[in-house]
Amino acid sequence: MRVVLVQPEIPGNTGNIARLCAASGSILHLVRPLGFSTEDRHLKRAGLDYWHLVNIRYHDSVYEVLKEYPESNFHLLTTKAAKRHSDAVYRADDLLVFGRETAGLSAELLQEHPGRCVRIPMKDPARSLNLANSVAVVVYEALRQTGYGDLS
């Protein structure tokens, strides 16, 4: 799997997601601008001693990521979708695209690709889950569907 974080803002979330990527064998794509320094102590602390296991790639836009992987499926995670994340069909090389903690993905991107939008179901009036939790839910559903690859 390829996890794409578009302009993440909270270093602790990104550190937790980096640790998740290390444990799941997922590649982490970070789209600038980041809301923190990659030297931030909260980022480093949340990732613990897993940093050497994480494959991180940096990009200047989400469109750059999509262009780099034209053969890959991509899923845009948003609270505004009708389709549940568990109803999507995942492949091992998919891109799982998540937006900023405070604003999500841009309306423009979502409008350009309405068939790619999926959501995690939750009770009203809850608005959203924590970004790191959302990534974990979706990554492990995608891994379950693809047979967990080489994970033991």
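Colleague: Why is Tyr148 called partly exposed?

Modeller: Its relative accessible area is 33%, and the label covers values between buried (under 20%) and exposed (over 50%), found with a 1.4 Å probe on protein chains only. The 33% of Tyr148 falls between those limits, so partly exposed is the right name. This is a predicted model in which local features need pLDDT of at least 70 and side-chain atom pairs count only at pLDDT 80 or more, while totals for chains, interfaces and linings use all residues. Residues are numbered from 1 along each chain as its sequence is written, and side-chain values use heavy atoms, with hydrogens and water left out.

Colleague: Where does Tyr148 lie, and what makes its phi worth a remark?

Modeller: Tyr148 belongs to the segment after α5. Its phi is near 65°, a positive value in a residue other than glycine. Gln7 is also a non-glycine with a positive phi, of about 50°, and is found in the loop between β1 and α1.

Colleague: Why does Gln7 count as partly exposed?

Modeller: Because its relative accessibility is 25%, Gln7 is past the buried limit but short of the exposed one.

Colleague: And why does Asp93 get that label?

Modeller: Asp93 has 30% relative accessibility, so it too counts as partly exposed. Asp93 sits in the loop between β4 and β5. Its C-alpha atom is 7.4 Å from that of Asn73, 20 residues away along the chain.

Colleague: Which residues is Asp93 in contact with, neighbours within four places in sequence aside?

Modeller: Arg2 and Ser72; contact here means heavy atoms within 4.5 Å.

Colleague: What makes the strands one sheet, and in what order do they stand?

Modeller: The order is β3-β2-β1-β5-β4-β6, an open sheet of six strands with parallel pairing. Strands are DSSP runs of E with at least two residues, helices are runs of H or I with at least four, and both are numbered from the N terminus. Two strands pair if DSSP finds at least two bridges between them. β4 and β5 share three bridges, so they meet that limit. β4 and β6 have two, and β1 and β5 have four.

Colleague: Which residues stand opposite each other along β4?

Modeller: Phe74 is the bridge partner of Leu95 in β5, His75 faces Leu96 in β5, and Leu77 faces Val118 in β6. On the other pairing of β5, Leu5 is matched with Phe98.

Colleague: Why are β3 and β6 called edge strands?

Modeller: Each of them pairs on one side only. As for β5, both its faces are covered: Leu95 and Val97 on one side and Leu96 and Phe98 on the other are all buried.

Colleague: What makes the largest nonpolar core a core, and which members touch the most others?

Modeller: A core is a set of buried Ala, Val, Leu, Ile, Met, Phe, Trp, Tyr and Cys residues joined through side-chain atoms within 4.5 Å. This one has 25 residues, and Val3, Leu5, Ile17, Leu28, Leu96, Phe98 and Val135 touch the most other members. The element that gives the most is α5, with seven residues. A second, separate core has 16 residues, including Phe74 and Leu105.

Colleague: How many residues line the largest pocket, and which are closest to its centre?

Modeller: It holds about 450 Å³ of space. It has 25 lining residues, with Thr79, Arg100, Gly104, Ser128 and Leu129 closest to the centre. A pocket is an open set of points on a 1 Å grid over the protein atoms alone, with protein on both sides within 12 Å along at least five of seven lines; lining residues have an atom within 4 Å of a point. Points are joined across faces, edges and corners, and the volume is the space filled by probe spheres set on them.

Colleague: What residue lies at Pro33's cis peptide bond, and what is its omega?

Modeller: Arg32 is joined to Pro33 there, with omega about 5°, and Pro33 is in the loop between β2 and α2. Asp124 and Pro125 are also joined by a cis bond, with omega about 5°, and Pro125 lies in the loop between β6 and α5.

Terms used. 1 Å grid on protein atoms, 1.4 Å probe; cavity = no way out; pocket = protein on both sides within 12 Å on 5 of 7 lines; lining within 4 Å.
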